[in-house]
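Visitor: Hi! I'm new to this one, could you walk me through it?
Guide: Happy to. Let's bring it up first.

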Amino acid sequence: MPSTSRRVNRLTLREQVLENLRDAIITGEFRAGAALTEMDLAERFDVSRGTVREALRTLQNAGLVTGGPRGAQHVHTPDAREIWEVYRVRAALEALAVREVIASPQHADYAEQLRQALPTDQPGQTFVEALNVDLAFHEQLCRLSGNQTLLASWKRLEDQMRIVLLSSGRAEPLELMGRAHHLPIVDAIEAGDLDEATELVYRHMDVAADQWSSDWRQRTS
């Protein structure tokens, strides 16, 4: 029977391959639709094909990789329906986060923390830089809710969101990623206006879903 240390080493290697492959997908190095072959990835990471196969299986279960005929696998390509579904789930989660933040005794402090996390619209900012700030703001909203299940659910969606956004191939930020589209949400939270804040969250997600599903239709037409 293998020693415990050897089993731990193999597990650590698999996790490293999984994390590196995941990072390559969610940063756009491997774009939506890109082929993922066990042989090429095994050479890239200098590991066995079995280790790569385990990592790909995990990513497929997470919705980041799609299997095809004869074992072919690709980075998942979301369609317009899936994009809308992801954003509707995001809206529901973040609306709940808004409710929790407004109800908190630390509501005023949380509102200030969200204000500090707002996008800054820096000149020359790349699409990826703006995306990271945008998602960090929304993650902070979920984190401040204090609901760990909510935050974990949002984090599981984040990888899918990044595939959606990076698949556009855009180089420059969009207006909807900027401060002006997020500031009203913070203002409503600070004012303790639950109905207004919730409505703004849903409206923001609808605008985003419409933008990215429109991008998808243009790419596939």
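Guide: One term before we begin: a residue counts as exposed when its relative accessible area is over 50%, as buried when that area is under 20%, and as partly exposed in between. Also, please keep in mind that this is a predicted model.
Visitor: Thanks! Let's try Asp46, then. Is it buried or exposed?
Guide: Asp46 has a relative accessible area of 69%, so it is exposed.
Visitor: And where is Asp46 found?
Guide: Look at the loop between helix H2 (38–45) and helix H3 (49–61). Asp46 also has a positive phi of about 55 degrees, although it is not a glycine.
Visitor: Why point out the sign?
Guide: Because most residues other than glycine have a negative phi.
Visitor: Okay, what about the phi of Asp121?
Guide: Asp121 is not a glycine, yet its phi is positive too, at about 55 degrees. You'll find Asp121 in the loop between helix H5 (107–116) and helix H6 (127–144). Its relative accessibility is 43%, so Asp121 counts as partly exposed.
Visitor: Switching to aromatics: how many aromatic pairs are there?
Guide: The count comes to one aromatic pair. Its members are Phe127 and Trp212, with ring centres 6.0 Å apart and planes at 80 degrees, so the pair is edge-to-face.
Visitor: Which parts does that pair tie together?
Guide: Phe127 lies in helix H6 and Trp212 in helix H9 (residues 194–220), so the pair links parts that are 85 residues apart in sequence.
Visitor: Are those two rings' residues buried or exposed?
Guide: Phe127 is buried, with a relative accessible area of 2%. Trp212 counts as buried as well, at 2% relative accessibility.
Visitor: Now helices. How many residues does H7 have?
Guide: Helix H7 (residues 148–166) has 19 residues. From its first C-alpha to its last, H7 reaches 27 Å, close to the 27 Å expected at 1.5 Å a residue.
Visitor: Where is the kink in H7 centred?
Guide: On Glu158, and the kink is about 30 degrees.
Visitor: What happens at the start of H7?
Guide: There, a side-chain oxygen of Asn147 comes to within 3.1 Å of the backbone nitrogen of Thr149.
Visitor: Last one: where is Ala62?
Guide: Ala62 is in the loop between H3 and strand S1 (65–67). With a relative accessible area of 44%, Ala62 is partly exposed. Its C-alpha atom is separated by 31 Å from that of Arg179, and the two residues are 117 residues apart along the chain.

Note on methods: Residues are numbered from 1 along each chain as its sequence is written. This is a predicted model: local features need pLDDT of at least 70, side-chain atom pairs count only at pLDDT 80 or more; totals for chains, interfaces and linings use all residues. Side-chain values use heavy atoms; hydrogens and water are left out. Helices (H or I, at least four residues) and strands (E, at least two) are DSSP runs, numbered from the N terminus. Buried means under 20% relative accessible area, exposed over 50%, partly exposed in between (1.4 Å probe, protein chains only). The expected span of a helix is 1.5 Å times one less than its number of residues. The bend at a residue is the angle between axes fitted to the seven residues ending there and the seven starting there. A polar contact is a pair of N or O atoms within 3.5 Å; within protein, one must be able to donate a hydrogen and the other to accept it, and residues adjacent in sequence count only if both atoms are side-chain atoms. Rings of Phe, Tyr and Trp (its six-membered ring) pair if their centres lie within 6.5 Å; planes under 30 degrees apart count as stacked, over 60 as edge-to-face and the rest as tilted.
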